[in-house]
Every structure is written in C-alpha cells, then in structure tokens.
Amino acid sequence: MKVILFFTALFMSTLLSAQKPVEMPLWPNGAPNTNGLTGDQEDLNGGRVANVVNPTITVYRPANPNGMTILMCPGGGYARLAMNHEGHDMASWFNTQGITYAVLKYRMPNGHREVPLSDAEQAIRIIRQHAKEWGIDPNRVGVMGASAGGHLAASLSTLYSSDETRPDFQILLYPVISMVPGITHGGSRQNLLGNNPTKELEEAYSLERRVSARSPQAFIVLSADDGAVPPMNSIGYFLALNEQKVPVSMHIYPIGGHGWGFRDNFTYKRQWTEELEKWLRDGLKFEKK
C-alpha cells in the first residue's frame with residue numbers, strides 16, 4: 001500500500017511539475033518597433049485578449065522532454081487572440097508527448113504590418129537561446145498557428161529573415177494564407193494590410209506565392225465547410241509546397257466549420273490529433289546541422 005501511495009505521489013508531482021508554465025516577455029528592454037497601441041490589455045469573453053502591448057511567450061515544459069518544441073500562434077483575425085482553445089488548452093496534450101510547448105501572445109498590426117512577424121521571430125530566438133536550459137534541440141523547433149495565427153505561422157515559415165528564425169516545421173489549423181480578394185479572410189486582410197493595399201503588398205503577404213524549397217515541412221488541417229476562411233487558402237499553400245518538393249501532409253474533414261482549435265465539440269478532434277501525433281512521431285525529417 002505504501003508503495004502504491006509513493007508512486008501515486010511521485011506521478012502527481014511529476015505531472016504537476018510539467019504543468020507550471022513560465023511567462024516570459026519577448027522584449028524585456030523594449031521592442032524595436034511599435035504598433036501605436038497603449039494602455040491595458042483587454043480581456044474578452046472566451047479567453048480572448050485584445051490590445052496586447054506587452055507581448056510574451058508562455059512556456060510549458062514536459063517532465064521528460066524529447067527535444068522537440070512547438071511555438072503556437074493563436075488566431076483572431078489580426079485584431080485579437082483566442083488564447084485558450086487555440087493556445088493554452090493544448091499544452092498538456094503536447095507535454096504528454098514530451099514536447100515543449102510555447103504560446104505566443106503577439107501584438108496586432110494596427111497599421112504596422114511588420115509587428116506580428118517581428119514578435120514571432122523574437123519568440124523563436126528566445127526558444128533557441130534557452131535550448132540547453134530547457135533540454136530541447138534547437139534544430140527541432142516548429143511553429144503552429146490557427147486561422148490568422150496560421151497566417152503568422154506561415155509568414156514565419158516563408159518570410160523568415162535568417163536561419164536563426166526559420167522554423168524546422170509548421171503546423172497550420174484552418175489557416176489564412178492568401179491576401180487575394182475572394183480567397184482571403186476579409187478581416188485579416190484589412191487588419192494586416194489596410195483598406196486599399198497595393199497589388200505588390202497583396203502579393204507579398206499571399207504566402208502561397210512566397211513558398212520556396214527552403215520552406216519547412218508542413219502539416220495542414222481544416223474543414224471543407226469552413227465559411228470564414230475558404231479552403232482554397234490551405235489548398236493553394238499545399239500545392240505550392242508540393243511543387244517545391246517540400247514534404248506536406250494535409251487533412252480535410254467534411255464538417256466542422258472554422259475556429260474549433262482544441263475544442264471537444266469538433267467531430268473530428270480525435271482524428272486530427274491522432275494524425276498530428278503520428279506525423280510528429282514518424283513523419284518529420286530533420287536536417288543534419
């Protein structure tokens with residue numbers, strides 16, 4: 001009986017130790033740019049936040065890290081962030097696989113389109129700088145994003161400024177990819193590029209046109225009946241990656257709409273999470289550096 005109690009206590013303490021997140025500022029000495037927003041963060045219903053003026057990453061470290069890290073970019077149309085079901089709620093699931101998981105709370109563009117990507121790049125830098133301390137492999141750091149957060153994750157995967165900020169893989173949930181009218185998500189386009197962007201700007205942030213052979217391997221999942229972000233966003237990105245011979249896996253489920261994240265009421269939650277777990281375990285191929 002004492003042995004059972006001992007191992008139960010040991011298991012619980014291990015579990016608890018893996019669930020103590022650490023929130024870190026992205027720019028402790030001040031960001032190199034600004035979106036012009038000031039004041040306090042707005043905490044909205046459903047775990048959403050707006051008016052982010054102090055971007056952070058919240059890091060969840062597993063008890064037994066396998067070396068892999070995922071940086072998650074929640075969605076919200078580049079106006080707000082769905083921090084729970086597209087962010088923190090996935091931490092325990094990833095940690096049980098030995099994956100270090102970080103949730104990015106990034107700043108909105110607010111007329112400064114370069115700001116979200118600069119926050120994402122800084123988050124990748126911080127993760128790699130702490131590789132030894134956190135027991136992770138700096139060559140196995142991936143980015144994940146949902147909806148407009150998927151656009152940010154894909155931006156990091158195609159517009160990264162150096163190898164230091166290039167992700168090793170990307171995971172996209174029902175992502176915004178294109179800025180082309182009729183394909184894009186109107187709110188995300190307007191919030192990122194403004195009311196009347198030029199054709200050049202539109203093309204620069206249509207990420208299906210920015211894919212290269214150096215774009216990281218990808219996992220994409222979405223619903224065919226997504227009425228908010230047309231499936232052609234994901235399909236166009238898949239085709240562009242495939243053309244460049246970048247390994248890509250895509251799963252399209254018949255129903256589910258948009259914005260399901262890690263919610264249990266998504267009919268195909270078990271299927272997409274099992275497919276992702278399998279891909280993370282067996283599908284990834286990492287470069288030798």
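## Exercises on buried strands and salt bridges

Both faces of strand β10 are covered in this predicted model: Gln 217, Phe 219, Val 221 and Ser 223 on one side, and Ala 218, Ile 220 and Leu 222 on the other, are all buried. With that in hand, let's work through four exercises.

### Exercise 1: the surroundings of β10

Work out how many residues of β10 are buried, and find the strands that bridges join to β10.

**Solution.**
- Step 1. Start with burial. Strand β10 spans residues 217-223, and 7 of the 7 residues are buried, so the strand is largely enclosed by the rest of the structure.
- Step 2. Look for a partner earlier in the chain. Strand β9 (residues 169-173) runs parallel to β10, and 5 bridges join them. Within this pairing, Phe 219 of β10 has Ile 171 opposite.
- Step 3. Now look at strand β11 (residues 248-253). Here 6 bridges make the connection to β10, again with parallel strands. Ala 218 has Val 248 of β11 as its bridge partner.
- Step 4. Trace the connection. Leaving β10, the chain passes through helix α8 (residues 232-243) before reaching β11, and this β-α-β crossover is right-handed.

### Exercise 2: β5 and its partners

Decide whether the two sides of β5 are buried or exposed, then find which residues stand opposite Met 72 or pair with it.

**Solution.**
- Step 1. Sort the side chains by direction. Thr 69, Leu 71 and Cys 73 point one way, Ile 70 and Met 72 point the other way, and all are buried.
- Step 2. Draw the conclusion for the strand. Because 5 of the 5 residues of β5 (residues 69-73) are buried, β5 is largely enclosed by the rest of the structure.
- Step 3. Take the pairing with strand β7 (residues 100-105). It is parallel and covers 4 bridges; the bridge partner of Met 72 in β7 is Val 103.
- Step 4. Take the pairing with strand β8 (residues 141-146). This one is parallel too, with 5 bridges, and Met 144 of β8 stands opposite Met 72.

### Exercise 3: a salt bridge between distant parts of the chain

The structure holds 14 salt bridges. Examine the one between Arg 214 and Asp 163: where in the chain do its two residues lie, and how accessible is each?

**Solution.**
- Step 1. Check the distance. The closest N and O atoms of Arg 214 and Asp 163 are 3.2 Å apart, and the cut-off is 4 Å.
- Step 2. Place the residues. Arg 214 sits in the loop between α7 (199-204) and β10, while Asp 163 sits in the loop between α5 (148-158) and β9. The two are 51 residues apart, so the pair links distant parts of the chain.
- Step 3. Compare accessibility. Arg 214 is partly exposed at 33% relative accessibility, whereas Asp 163 is exposed at 56%.

### Exercise 4: salt bridges around α7

Find what links Lys 199 and Glu 202, and which residue joins them in a network.

**Solution.**
- Step 1. Locate the pair. Lys 199 and Glu 202 both belong to helix α7 and lie 3 residues apart, about one turn of the helix. Their side chains form a salt bridge at 3.8 Å, N to O.
- Step 2. Classify each end. Lys 199 is exposed, with a relative accessible area of 61%, but Glu 202 is buried at 6%.
- Step 3. Extend the picture. Arg 189 is linked with Lys 199 and Glu 202 in a network of salt bridges.
- Step 4. Add one further pair. Arg 209 and Glu 203 form a salt bridge with their closest N and O atoms 3.6 Å apart. Arg 209 is partly exposed at 45%, and Glu 203 is partly exposed at 41%.

Notes: Residues are numbered from 1 along each chain as its sequence is written. This is a predicted model: local features need pLDDT of at least 70, side-chain atom pairs count only at pLDDT 80 or more; totals for chains, interfaces and linings use all residues. Side-chain values use heavy atoms; hydrogens and water are left out. Buried means under 20% relative accessible area, exposed over 50%, partly exposed in between (1.4 Å probe, protein chains only). Two strands pair if DSSP finds at least two bridges between them. A crossover is right-handed if, with the strands pointing away from the viewer, the path from the first strand over the helix to the second runs clockwise.
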